[in-house]
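New to this one? Have a look at the chain first, and then we'll walk through some of its parts together.

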Amino acid sequence: MRVAVIGGGPGGLYAAALLKRLDPTRRITVWERNAPDDTFGFGVVLSDETLGGIEHADPEVYRALQQEFVRWDDIDVVHRGRTLTSGGHGFAALGRRRLLAVLHRRCRDLGIELRFRTEAPPAAELARTHDLVIAADGVHSATRTAHADAFRPQLTTHRCRYIWLAADVAFDAFRFEIAETAHGVAQLHAYPYSWDASTVIVEMREEVWRAAGLDRADERESAEWCAKVFTEALGGRSLRSNNSSWIAFRTVVNDRWSYGNTVLLGDAAHTAHFSIGSGTKLAVEDALALAACLEEQPDTAAALAAYEAERRPVVASTQRAARASLAWFEELATYVDQPPRQFAFNLLTRSRRVTHDNLRLRDPAFVAAVEDEAGHPADTPPMFSPLRIGELTLRNRVVVSPMDMYSAVDGTPGDFHLVHLGARALGGAGLVMTEMVCVSPEGRITPGCTGLYAPAHETAWRRITDFVHRAAPGTALGVQLGHSGRKGSTRLMWEGIDQPLPDGNWPVVAPSALPYRPGVNQVPHALTVPELTAVREQFVRSAESAARAGFDLLELHCAHGYLLSGFLSPLTNHRTDAYGGDLTARLRFPLEVFDAVRAAWPTGRPMTVRISATDWADGGTTADDAVAIAAAFVEHGADAIDVSTGQVVPEEHPDFGRSYQTPFADRIRNTLGVPVVAVGAISSWDDVNSLVLAGRADLCALARPHLYDPQWTLHAAAEQGYAGPGAPWPLPYQAGSRTPPTGRTDAPKPRLTLH
């Protein structure tokens with residue numbers, strides 16, 4: 001087998017070494033356009049997991065690396081003259097030159113041909129003369145570019161600039177330091193890679209970089225500027241550069257990683273922001289997986305398919321974490337006024353891979369100090385601390401998210417809704433929300449949607465609120481009012497979501513005559529100004545009815561492409577009158593409805609607004625727009641903003657993943673200082689604790705977990721050993737407040753070995 005490797009970085013070299021070690025008959029050539037000792041950057045961080053894979057696959061390389069590693073456990077967060085240290089993390093790093101030297105030596109020992117200072121022939125040419133071509137040619141991969149039609153790359157350039165430098169001092173921890181300069185916030189990421197040197201990365205937003213004049217600075221001037229800003233951390237030392245330049249990070253994603261007998265590896269296939277230390281780690285893990293798949297599979301095509309199937313989910317997870325970390329640093333300026341310990345906790349948990357629970361295991365004293373600073377009662381997980389919204393005090397931070405049940409008859413909630421909402425109220429959540437309750441028959445999404453537009457509706461809802469307040473005292477019940485707009489007159493979800501009714505359709509309305517799905521859904525009637533007034537009055541009557549029905553909180557639904565959301569998005573509002581145009585005009589009708597409802601809703605009861613913080617589609621609502629939308633509702637009296645995303649247009653492309661919507665809530669909270677409800681793939685009590693303690697959210701709304709387990713909150717309390725006022729068990733249920741015992745799994749271990 002003839003193997004060509006394009007690129008002599010750690011990933012390409014290690015792949016070559018593994019393949020040759022597994023089959024010495026393979027003829028392997030590595031092309032590297034730079035000299036053997038040329039390298040960009042200074043230190044490399046590898047995880048224990050990656051090192052374990054190296055040890056298993058090639059003990060000789062592992063032993064050589066072991067001799068080079070610098071290890072440490074602590075992370076220092078330095079901000080406004082204060083250093084906070086968290087321990088128990090565990091890192092290992094070495095110089096990039098030393099790593100390459102180890103791999104060069106291993107490749108030569110194995111008989112691999114290394115061609116330095118030599119441009120590789122094009123991948124297509126190599127593919128004709130080799131059995132396998134490994135394109136490990138980096139973030140600017142010529143192979144990927146040449147075959148873009150096959151790999152279908154998506155490249156995203158981000159909003160910060162950063163530069164790789166080095167200091168002749170070994171920090172004793174992974175150091176994050178924040179500098180608030182005259183031009184804006186800059187941050188330092190630094191870690192030791194030898195006994196006498198550290199990698200230093202300085203990063204800042206593009207506009208800060210330009211304001212500081214660094215767009216005009218050369219390599220020496222840039223290093224001097226960074227050394228001056230972080231002089232205390234460096235002890236007055238200078239910073240070294242190595243072909244260092246300011247870079248805007250680029251996230252690389254490919255639809256496919258292989259094409260014929262050519263396969264992408266490392267940064268050519270995918271990138272992940274350096275703030276989670278993953279570039280070399282991912283490349284080495286790619287090499288391990290590729291070598292294993294070539295060994296296990298019957299032919300090259302099957303091996304490349306297996307390699308991609310194995311690695312893609314791992315890489316996608318890492319990229320989600322890296323994007324969360326990257327975005328956190330892009331928005332760093334919104335966090336600098338947080339209390340010191342909360343700021344440090346927020347930084348440490350920014351990627352969502354480090355959480356409240358595992359950080360508490362690593363450094364319980366650090367987490368206890370953060371909780372104490374935040375005012376959380378002792379021995380109380382953050383999710384069980386109370387929160388006051390308006391004049392309503394919630395006993396914990398858990399919300400049962402609004403979930404359409406499609407089980408009403410002519411808008412009237414029945415026994416199903418009593419059991420559904422009652423069970424979740426008994427389950428311990430601080431706030432239980434209804435599904436979207438519609439303000440008119442034509443404002444329903446489906447024939448099974450609930451309403452508050454007839455006397456029978458109010459009576460039926462009163463039955464439910466009375467039960468909740470009587471059987472689950474301390475649980476608040478909120479109503480979400482909305483109008484379906486152009487997304488109305490559709491089938492029940494399980495019969496065909498967003499599909500029109502087979503018969504009996506009612507006319508739908510919207511800001512503009514734009515169907516949700518052209519050719520599928522109705523073309524809506526564009527509301528006239530008098531009709532807008534009528535719709536506004538429908539909201540008012542429903543709010544008055546909700547107050548009489550005994551709800552504790554009212555939420556106005558301005559998200560997910562329903563009527564009020566339709567006014568906010570430029571993709572769905574093409575009006576040319578006073579209710580369309582720029583964002584101020586698009587906000588006009590939703591704010592008119594809000595003002596009218598707020599006036600009708602009792603003063604002492606809070607009112608919230610749910611928004612879609614992005615449309616996940618080109619030309620739609622952006623994160624910046626979302627902050628402005630939230631600010632407008634807060635100015636008009638909203639007590640909190642419930643931050644969701646999307647569902648506005650069918651051509652959306654959401655960036656799904658764990659807690660994927662929370663960064664939008666985080667930004668609104670920390671920009672405006674307003675309470676927010678975070679929602680979207682929050683599934684564990686650890687996530688809730690992490691988000692609340694980091695100051696990214698005040699409340700966390702969970703939907704599917706409460707469908708799976710109506711007592712989710714009480715079970716979360718039991719699993720954490722909490723039995724305080726934030727999660728009281730109903731008296732009839734108290735006998736079940738402990739985790740049930742299970743069969744023994746701790747059988748006695750053998751004590752004697754007989755020969």
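What follows is a short tour of some helices, strands, cavities and single residues.

Keep in mind that this is a predicted model. A search through the whole structure turns up 7 cavities of 30 Å³ or more. Helix H11 is mostly covered, and H11 is also among the elements that cover the buried residues of helix H4.

**Two helices, H4 and H11**

- H4 runs over residues 96–110, and the distance between its end C-alpha atoms, 21 Å, agrees with the span that its 15 residues should have at 1.5 Å a residue.
- Seven names to look for inside H4 are its buried residues: Leu99, Leu100, Val102, Leu103, His104, Arg106 and Cys107.
- As a rule, residues three or four places apart on an α-helix point the same way, because there are 3.6 residues a turn.
- The cover over the buried residues of H4 includes helix H1 (10–22), strand E3 (43–46), helix H3 (59–66) and strand E7 (91–95), along with E8 and H11.
- Right after H4 comes glycine 111, with a positive phi of about 90°.
- H11 takes up residues 279–296, 18 in number, and goes 26 Å from first C-alpha to last, close to the 26 Å expected at 1.5 Å a residue.
- Of those 18 residues in H11, 14 are buried.

**Strand E8 and its partner**

- Strand E8 (residues 113–116) has two faces: Leu114 and Phe116 sit on the covered one, while Glu113 and Arg115 sit on the uncovered one.
- Strand E2 (residues 27–32) pairs with E8 in the parallel sense, over 4 bridges.
- Which residue of E8 is the bridge partner of threonine 29? That's glutamate 113, which belongs to the uncovered face of E8.

**The cavities**

- Out of the 7 cavities of 30 Å³ or more, the largest has a volume of about 80 Å³.
- The lining of this largest cavity counts 14 residues, and the closest to its centre are Leu431, Met433, Glu555, Thr608 and Val677.
- Four strands each give at least two residues to that lining: E21 (431–438), E25 (553–558), E26 and E29 (699–702).
- Sorted by class, the lining of the largest cavity has 9 nonpolar residues, 2 polar ones and 3 charged ones.
- The second largest cavity comes in at about 60 Å³.
- Around the second largest cavity you'll find Thr349, Arg352, Val354, Thr355, Arg658, Ser659, Asp687, Ser690, Leu691 and Arg696.
- That second lining splits into 2 nonpolar, 4 polar and 4 charged residues.

**Buried spots around H20 and H21**

- Valine 593 is part of helix H21 (residues 583–600), and with a relative accessible area of 0% it is buried.
- Setting aside residues up to four places away in sequence, valine 593 touches Arg536, Phe539, Leu556 and Leu564.
- Valine 593 and glycine 736 lie 143 residues apart in sequence, with 45 Å between their C-alpha atoms.
- Serine 565 belongs to helix H20 (residues 563–568). Is serine 565 buried or exposed? Its relative accessibility is 3%, and buried means under 20%, so serine 565 counts as buried.
- Beyond its neighbours within four places in sequence, serine 565 is in contact with Cys558, Ala559, His560, Thr572 and Val648.
- One of those contacts, His560, sits in the loop between E25 and H20.
- Histidine 560 has a phi near 65°, a positive value in a residue other than glycine, and is buried at a relative accessible area of 7%.

**Two partly exposed loop residues**

- Arginine 152 is another residue other than glycine with a positive phi, near 50°.
- You'll find arginine 152 in the loop between helix H7 (148–151) and strand E10 (153–167).
- Why does arginine 152 count as partly exposed? Because its relative accessibility is 39%, and partly exposed covers what lies between under 20% and over 50%.
- Threonine 622 is in the loop between strand E26 (607–612) and helix H22 (623–635), and at 35% relative accessibility it counts as partly exposed.
- Along the chain, threonine 622 and serine 484 are 138 residues apart, and their C-alpha atoms are separated by 22 Å.

Technical notes
Residues are numbered from 1 along each chain as its sequence is written. This is a predicted model: local features need pLDDT of at least 70, side-chain atom pairs count only at pLDDT 80 or more; totals for chains, interfaces and linings use all residues. Side-chain values use heavy atoms; hydrogens and water are left out. The expected span of a helix is 1.5 Å times one less than its number of residues. Buried means under 20% relative accessible area, exposed over 50%, partly exposed in between (1.4 Å probe, protein chains only). Two strands pair if DSSP finds at least two bridges between them. On a 1 Å grid over the protein atoms alone, a cavity is a set of points where a 1.4 Å probe fits but cannot get out, and a pocket is an open set with protein on both sides within 12 Å along at least five of seven lines; lining residues have an atom within 4 Å of a point. Grid points are joined across faces, edges and corners, and a volume is the space filled by probe spheres set on the points. Ala, Val, Leu, Ile, Met, Phe, Trp, Tyr, Cys and Pro count as nonpolar, Asp, Glu, Lys and Arg as charged, and the others, Gly among them, as polar. Contact means heavy atoms within 4.5 Å.
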